[in-house]
Amino acid sequence: MATKGKSRWEDDEEDVAEETRRKVEKESRKKAKAEKDRLKAEQEAAVAAAAAAAAEQTAAGSDQPPTKRRRLDADATPPPAGQQDSNAPLKLLRYTPPEIVPCAHVDRYEPLNRIEEGSYGVVSRARDRETGEVVALKKLKLERETDGFPITSLREIQTLMASKHPNVVNIREIVMGDTLKDVFIVMDFIEHDLKILSEDMQEPFLQSEVKTLMLQLVSATALMHSQWIVHRDLKTSNLLMNNRGQIKVADFGLARYLGEPTPPLTQLVVTLWYRSPELLLGGKEYGTEVDMWSIGCIFGELLLKEPLLQGKNEVDQLSKIFELCGIPTEENWPGFRKLPNAKALNFPRNRLTIGSHLRARFPLLTSSGVDLLSRLLALDPSQRITAEEVLRHPYFKEDPKPKSAEMFPTFPSKAGQEKRRRHMSPSAPVRGDAPALQGDFGGLFGAQDEEEVGAGFVLRMGR
Ligand SMILES: Nc1ncnc2c1ncn2[C@@H]1O[C@H](COP(=O)(O)OP(=O)(O)O)[C@@H](O)[C@H]1O
Ligand SMILES: [Mg+2]
């Protein structure tokens with residue numbers, strides 16, 4: 001059966017050619033794939049390098065130049081040495097600068113009613129003409145400024161913007177009026193401030209409510225302090241409260257960043273009734289502890305429904321503090337005598353004035369509540385409790401537990417209707433008054449025979 005002839009299955013020339021063509025095709029496909037893989041790997045490496053460079057720049061702070069020049073696109077690969085074309089146009093680094101947009105005009109808000117005229121600004125209620133949302137507009141007081149935009153107003157805007165927190169009032173934008181002196185902070189409108197609210201309430205807040213409000217205030221303060229921001233004017237009129245049981249810290253008019261080491265700071269900060277003893281004694285190197293003292297005063301005020309320490313002036317304020325918290329000694333406040341105004345103090349050696357009277361003033365407060373209050377009102381700032389520590393204090397774990405914010409009662413809003421009625425209370429220190437104060441203090445504390453009488457407690461001045 002076998003034939004000598006060519007098998008019809010044997011490869012002929014055509015088959016060989018076809019086989020060769022297939023091989024070549026396969027080879028070139030393989031090459032193309034290898035080239036594609038190489039290009040892909042190169043591209044990925046370039047993207048990773050750009051991301052790393054961007055991360056490096058972010059870490060260095062957006063307002064800082066990048067530490068190294070970086071290549072931004074794959075085309076910018078320099079040709080191998082020797083092949084450089086000196087005539088080729090140089091490629092510049094391209095940066096995407098932060099977008100600078102003009103402020104909107106205040107006209108986009110329809111004025112509704114004046115809420116309050118405070119020490120630094122006028123606050124009014126307004127409606128966004130586009131969205132219909134009700135907002136609060138705070139007009140910065142710039143009329144008297146002759147030196148351009150004041151650093152204090154810049155700080156107010158900067159620190160408020162840096163303190164994003166559910167318990168800090170939300171800043172929406174800055175808008176301008178017709179002149180450079182018309183600058184407004186646009187914020188969410190919040191129905192109440194805690195001062196007016198508690199003045200209008202029949203009964204003080206319940207313990208469970210005080211706990212919730214304190215936790216909110218302290219968690220906002222913990223955030224500020226973690227950002228090196230000290231508020232320097234915490235008080236009930238600067239705490240706004242909405243109808244959902246939420247506190248919003250407001251009024252960053254005296255806030256500032258602290259440096260390391262702390263620069264000399266003005267002592268004329270914090271409204272008198274909420275001012276800490278180290279500030280009253282003229283300390284210039286204070287820190288976030290001044291806010292914790294104010295929080296102690298607010299804690300007492302929420303429980304009593306009236307301000308805790310209502311001094312008539314700086315000396316009277318100190319005497320009220322020492323009456324409630326005990327007088328400072330080298331044991332309970334080492335080094336306090338070195339504070340500028342302390343040298344002139346002469347304490348009566350009266351047993352009644354020694355020791356804390358907090359327990360007697362708050363007979364219904366549990367011992368852990370009194371413990372918290374006394375740690376907030378520690379005379380020595382270095383022994384004062386920090387915001388983070390307050391959040392972990394056992395007072396908030398014991399019964400009655402903090403009331404959930406949704407369970408808070410709602411109140412009619414005065415701010416939403418008419419100009420608010422404000423009871424007499426001191427206002428925040430006026431900016432620029434600080435240098436004059438030192439002299440006043442010298443006079444008050446230096447007097448040999450002058451005496452200030454405060455709440456049954458006599459503080460003798462003189463050496
Ligand atoms: N966002 C707001 N919503 C509603 N009322 C506000 C708002 N901001 C401030 N207020 C009211 O205006 C008052 C004064 O505002 P504030 O920022 O404290 O200014 P000042 O620096 O003049 O004290 C506050 O005590 C509060 O009653
Ligand atoms: Mg205020």
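What follows is a short chat about a predicted model of a protein chain.

Reader: What does the secondary structure of the protein chain come to?
Author: There are 11 helices and 14 strands in this predicted chain.

Reader: And how many residues, with what percentage buried?
Author: The chain has 463 residues, and 32% of them count as buried.

Reader: What share of the contacts join residues at least 24 apart?
Author: That share is 67%, taken among contacts between residues at least 6 apart in sequence.

Reader: Let's go to the core. How many residues are in the largest nonpolar one?
Author: It holds 85 residues. Those with the most contacts inside it are Val 135, Leu 217, Ile 295, Phe 299 and Leu 376.

Reader: Which element gives the largest share of this core?
Author: Helix 6, residues 289–304, with 9 residues.

Reader: What does Phe 299 touch?
Author: Leaving aside residues up to four places away in sequence, Phe 299 touches Met 214, Leu 373 and Leu 376. Leu 376 is also on the list of core residues with the most contacts.

Reader: Any general background for a core like that?
Author: In soluble globular proteins, nonpolar side chains tend to be buried together.

Reader: Strands now. Which sense does the pairing of strand 1 and strand 5 have, parallel or antiparallel?
Author: Parallel, over 2 bridges. Strand 1 covers residues 104–105 and strand 5 covers residues 171–176. His 105 stands opposite Met 176 of strand 5.

Reader: And strand 5 with strand 6, parallel or antiparallel?
Author: Those two pair in the antiparallel sense, over 5 bridges, with strand 6 at residues 183–188. Ile 171 has Met 187 in strand 6 as its bridge partner.

Reader: What joins strand 5 to strand 6?
Author: A hairpin, running through 6 residues.

Reader: There's an open sheet of 3 strands too. What's the order?
Author: The order is 7-9-10, and the pairing is antiparallel. Strand 7 (192–193) and strand 10 (247–249) are at the edges; each has a single partner strand, so one side of each lacks a neighbour in the sheet.

Reader: How many bridges between strand 9 and strand 10?
Author: Strand 9, residues 239–241, pairs with strand 10 over 3 bridges. In that pairing, Leu 240 stands opposite Lys 248 of strand 10.

Reader: Which helix packs on the sheet?
Author: Helix 4, residues 207–226, which touches strand 9 and strand 10. The direction of helix 4 makes about 30° with that of strand 10.

Reader: Switching to backbone geometry. Where is the cis peptide bond?
Author: It joins Asp 399 and Pro 400, with omega at about -10°. Pro 400 is in the loop between helix 10 (387–391) and helix 11 (434–446).

Reader: What is phi at Asp 251?
Author: About 55°, so to speak on the positive side, although Asp 251 is not a glycine. The residue is in the loop between strand 10 and strand 11 (256–257).

Reader: Why does Asp 251 count as buried?
Author: Because Asp 251 has 25 C-beta neighbours inside 10 Å, and the cut-off for buried is 20 or more.

Reader: What about phi at Val 270?
Author: Phi of Val 270 is near 70°, again positive in a residue other than glycine. Val 270 is placed in the loop between strand 11 and helix 5 (277–280).

Reader: Why does Val 270 count as buried?
Author: Because there are 26 C-beta neighbours inside 10 Å of Val 270.

Definitions and conventions:
Residues are numbered from 1 along each chain as its sequence is written. Chains are lettered from A and ligands numbered from 1 in the order in which they are written. This is a predicted model: local features need pLDDT of at least 70, side-chain atom pairs count only at pLDDT 80 or more; totals for chains, interfaces and linings use all residues. A nonpolar core is a set of buried Ala, Val, Leu, Ile, Met, Phe, Trp, Tyr and Cys residues joined through C-beta atoms within 7 Å. A residue is buried if 20 or more other C-beta atoms lie within 10 Å of its own, exposed if 12 or fewer, and partly exposed in between; C-beta atoms are placed from the backbone. Helices (H or I, at least four residues) and strands (E, at least two) are DSSP runs, numbered from the N terminus. Two residues are in contact if their C-beta atoms, placed from the backbone, lie within 7 Å. Two strands pair if DSSP finds at least two bridges between them. Axes are lines fitted to C-alpha atoms, for helices over the stretch in contact, and angles run from 0 to 180 degrees between N-to-C directions.
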